[in-house]
Amino acid sequence: MTELVEHVDDQDHVLGVVSRDDAIRHGWLHRIATTVCRDELGRFLVYRRADGLSRYPGYYEVTFGGAVDVGESYQAAAAREITEELGVDVPVHEVVKFLCHGEIGSYWLGVHEAVITGDVSPDPHAVSWVGWLTSAELSEAVRQHRFIPDGQEAFRRYQSRKSDIAERYQS
């Protein structure tokens, strides 16, 4: 089944509809939505990608997401991906959007946050391990394991934006 995405320009304006494979193959900008999941204690949900996946098999990741469907908002795509990948229906909130110059090409990336209070049921075809890590544990895991570089960039921008927001409320 062909996954269709919106081909967009460097200002994130829609130019047309293309297959995601063509967007990647030709280096056309398209949209991706991803979410950093945390719990009430501030721990982050981290997972190991299944070995059978075509992109980054066996790598660790701290964001959950995928392509934004044609006509779909970043936020709706982020919520859909959380439901598909983790089996939970939780609100997501956009934190930052940026033009990501990633490992397999450039794309617009909407980074969201979700607070998960219950159990997750990861898709076993996509996820081989999942766990909650504190910031310190996550930093150690990044030193010990292979993490997806684009996800690490998204997480850095997420943390920076969250810090900026916190500082504004303290002023």
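**Exercise 1.** In this predicted model, determine where Arg-49 is placed and which side chain of opposite charge is nearest to this buried residue.

*Solution.* Step 1: Arg-49 belongs to strand β4. Step 2: the nearest side chain of opposite charge is that of Glu-61, at 6.4 Å. Step 3: a salt bridge requires a side-chain nitrogen of Lys or Arg within 4 Å of a carboxyl oxygen of Asp or Glu, and Arg-49 has none although it is buried. Step 4: a polar atom of the Arg-49 side chain does lie 3.2 Å from the backbone oxygen of Tyr-56.

**Exercise 2.** Identify the salt-bridge partner of Arg-38 and state which of the two residues is buried and which is partly exposed.

*Solution.* Step 1: Arg-38 meets Glu-113 in a salt bridge, with an N to O distance of 2.8 Å. Step 2: because Glu-113 lies in strand β8 and Arg-38 in strand β3, the pair ties together parts 75 residues apart in sequence. Step 3: buried means under 20% relative accessible area; Glu-113, at 7%, is therefore buried, whereas Arg-38, at 24%, is partly exposed.

**Exercise 3.** Describe the largest pocket by its volume, its lining and the residues closest to its centre.

*Solution.* Step 1: the volume of the largest pocket is about 880 Å³. Step 2: its lining comprises 39 residues, and those closest to the centre are Arg-20, Arg-49, Arg-55, Gly-65 and Gly-66. Step 3: the lining divides into 17 nonpolar, ten polar and twelve charged residues. Step 4: β6 contributes the most, with five residues. Step 5: of the central residues, Arg-20 forms a salt bridge with Glu-3, the closest N and O atoms being 3.7 Å apart.

Note on methods: Residues are numbered from 1 along each chain as its sequence is written. This is a predicted model: local features need pLDDT of at least 70, side-chain atom pairs count only at pLDDT 80 or more; totals for chains, interfaces and linings use all residues. Side-chain values use heavy atoms; hydrogens and water are left out. On a 1 Å grid over the protein atoms alone, a cavity is a set of points where a 1.4 Å probe fits but cannot get out, and a pocket is an open set with protein on both sides within 12 Å along at least five of seven lines; lining residues have an atom within 4 Å of a point. Grid points are joined across faces, edges and corners, and a volume is the space filled by probe spheres set on the points. Helices (H or I, at least four residues) and strands (E, at least two) are DSSP runs, numbered from the N terminus. Ala, Val, Leu, Ile, Met, Phe, Trp, Tyr, Cys and Pro count as nonpolar, Asp, Glu, Lys and Arg as charged, and the others, Gly among them, as polar. Buried means under 20% relative accessible area, exposed over 50%, partly exposed in between (1.4 Å probe, protein chains only). Lys and Arg count as positive and Asp and Glu as negative; His and the chain ends are not counted. A polar contact is a pair of N or O atoms within 3.5 Å; within protein, one must be able to donate a hydrogen and the other to accept it, and residues adjacent in sequence count only if both atoms are side-chain atoms.
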